[in-house]
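Hello,

Here is the structure I promised to pass on. My notes on it follow below.

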Amino acid sequence: MKIIKELGLPTSKKVRFIVGTDEESGWADMDYYFEHVGLAKPDFGFSPDAEFPIINGEKGNITEYLHFAGENKGAARLHSFTGGLRENMVPESATAVVSGDLADLQAKLDAFVAEYKLRGDIQEENGQYKVTVIGKSAHGAMPASGVNGATYLALFLSQFAFEGPAKDFLDIAGKILLNDHEGKNLKVAHVDEKMGALSMNAGVFRFDETSADNTIALNFRYPKGTSPEQIKSVLENLPVASVSLSEHGHTPHYVPMEDPLVQTLLNVYEKQTGLKGHEQVIGGGTFGRLLERGVAYGAMFPDSIDTMHQANEFIALDDLFRAAAIYAEAIYELIK
């Protein structure tokens, strides 16, 4: 925008530059902005929060919670289980505190992490064992690119004689949710011809034997043709106390290829890079979907190193400069 202004280029439209700070949570910033700004929403726009050439479709997004009681029965006891920081991230690691009949616990963990190429650790304190399994984090929209430490920990522990809700918690986490990235084990899989397949990320795990309400948070990115209510009705067939929905969610969003906004942005991308532009539908959510004619546009290139939602996230300076050139031309083409 500064380049366009300093060059004195003729324009026919106003441009708003809106910066949000709550995109990874509940989007309360955008709700507040549009409620109080006193202006109509922009007619069209883009968010530089994804990748090139364009993201003109975004799946629906809803988190559904599986609820469990905290009772323990059986020869083994689950005191606590914790994994995951956010619903939209693959949990890198998880830790459980256990006791009881856990014969050869260390040897079994060593064999388990070797078989699945994980890392693990056991610490003993006052007759209890703190067991940790470490996988790899990733964006919850692409759960298959990560290694869910929580589901693998649950799979490891499920071989021991837990009973009651603790057993249900571990069995669901380790035997159903493990690598169930499209919801096939959960029996909620769905594919749309244009938007692709539903995806599921088991993001946050919380179990405490003293709590009457323990949860596993499942984040679904779903295409047209299914709904949060349909998914919930299927999940209620699992051995859980109940299933609930998050208060905040998004319905599927799509801007057709024929829209002048999409065509303009792709034309600029092709001119600047020499690469062929094409449409994309993702499971991630961006501020682009706040507008009826809104898309995500960059800033990651097809040949960029993808570190989104990972430790030490970064963008190469060359990519940043390339993206800036594309944005300057694209904004001008949209407002000239």
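P53 sits in the loop that runs between β2 and β3. The peptide bond leading into P53 from F52 is cis, with omega near 10 degrees. Please keep in mind that this is a predicted model. There is a second cis bond, which joins G298 and A299. Its omega is about 15 degrees. A299 belongs to strand β19, residues 299-300. Both bonds deserve a mention, because most peptide bonds are trans.

**N56**

The loop between β2 (50-51) and β3 (57-58) also holds N56. Is N56 buried or exposed? N56 counts as buried, because its relative accessibility is 0% and the cut-off for buried is under 20%. What lies around N56? Setting aside neighbours within four places in sequence, N56 is in contact with H253, Y254, V255, P256 and M257. V262, E279, Q280 and V295 complete that list of contacts. Take H253 as an example: 197 residues separate N56 from H253 in sequence. In space, their C-alpha atoms are 8.1 Å apart.

**Overall picture**

The protein has 336 residues, and 49% of them count as buried. It contains eight helices and 19 strands. The C-alpha trace spans about 75 × 40 × 35 Å along its principal axes. Now the contacts between residues at least 6 apart in sequence: 75% of these join residues at least 24 apart. The accessible surface is about 16,700 Å². Carbon and sulfur atoms account for 51% of that surface.

**Charges and salt bridges**

The protein carries 30 positive and 47 negative charges. The mean positions of the two sets are 4 Å apart. Side chains of opposite charge can pair when their charged atoms come close. How many salt bridges does the structure hold? The total is 14. Here are some of them.

- D259 and R293: their side chains meet in a salt bridge, at 2.8 Å from N to O. D259 is in the loop between β16 (253-254) and α7 (260-273), and R293 is in the loop between β17 (281-282) and β18 (294-296), so the pair ties together parts that are 34 residues apart in sequence. D259 counts as buried, at 12% relative accessibility. R293 counts as partly exposed, at 27%.
- K232 and E236: the closest N and O atoms of this salt bridge are 2.6 Å apart. K232 is partly exposed, with a relative accessible area of 24%. E236 is partly exposed too, with 40%.
- E270 and K276: in this salt bridge the closest N and O atoms are 3.8 Å apart. E270 counts as partly exposed, at 24% relative accessibility. K276 is exposed, with a relative accessible area of 66%.
- K167, D171 and K175: salt bridges with shared partners join these residues into one network.

**Positive phi**

Most residues other than glycine have a negative phi. Two lysines here have a positive one. K117 is not a glycine, yet its phi is about 60 degrees. K117 lies in the loop between α3 (105-116) and β8 (119-125). K117 counts as exposed because its relative accessible area is 74%, and the cut-off for exposed is over 50%. K187 is not a glycine either, and its phi is about 70 degrees. Look for K187 in the loop between α5 (164-176) and β11 (191-192). K187 is exposed as well, with a relative accessible area of 68%.

**A nonpolar surface patch**

Which residues form a nonpolar patch on the surface? They are M1, V15, F17 and V19. Together they have about 420 Å² of accessible area. F17 is located in the loop between α1 (2-7) and α2 (28-36). F17 counts as exposed, at 66% relative accessibility.

**Where to look in the viewer**

Start with N56, which counts as buried at 0% relative accessibility. Then go to the salt bridge between D259 and R293. Finish with the patch that includes F17.

Best wishes

Note on methods. Residues are numbered from 1 along each chain as its sequence is written. This is a predicted model: local features need pLDDT of at least 70, side-chain atom pairs count only at pLDDT 80 or more; totals for chains, interfaces and linings use all residues. Side-chain values use heavy atoms; hydrogens and water are left out. Helices (H or I, at least four residues) and strands (E, at least two) are DSSP runs, numbered from the N terminus. Buried means under 20% relative accessible area, exposed over 50%, partly exposed in between (1.4 Å probe, protein chains only). Contact means heavy atoms within 4.5 Å. Accessible areas come from the Shrake-Rupley method with a 1.4 Å probe; for residues, only the protein chains shown count as cover. Lys and Arg count as positive and Asp and Glu as negative; His and the chain ends are not counted. The place of a charge is taken as NZ of Lys, CZ of Arg, CG of Asp or CD of Glu. Patches are made of residues with over 30% relative accessible area and no salt bridge: like charges are joined within 9 Å, nonpolar side chains (Val, Leu, Ile, Met, Phe, Trp, Tyr) within 5 Å. A salt bridge is a side-chain nitrogen of Lys or Arg within 4 Å of a carboxyl oxygen of Asp or Glu.
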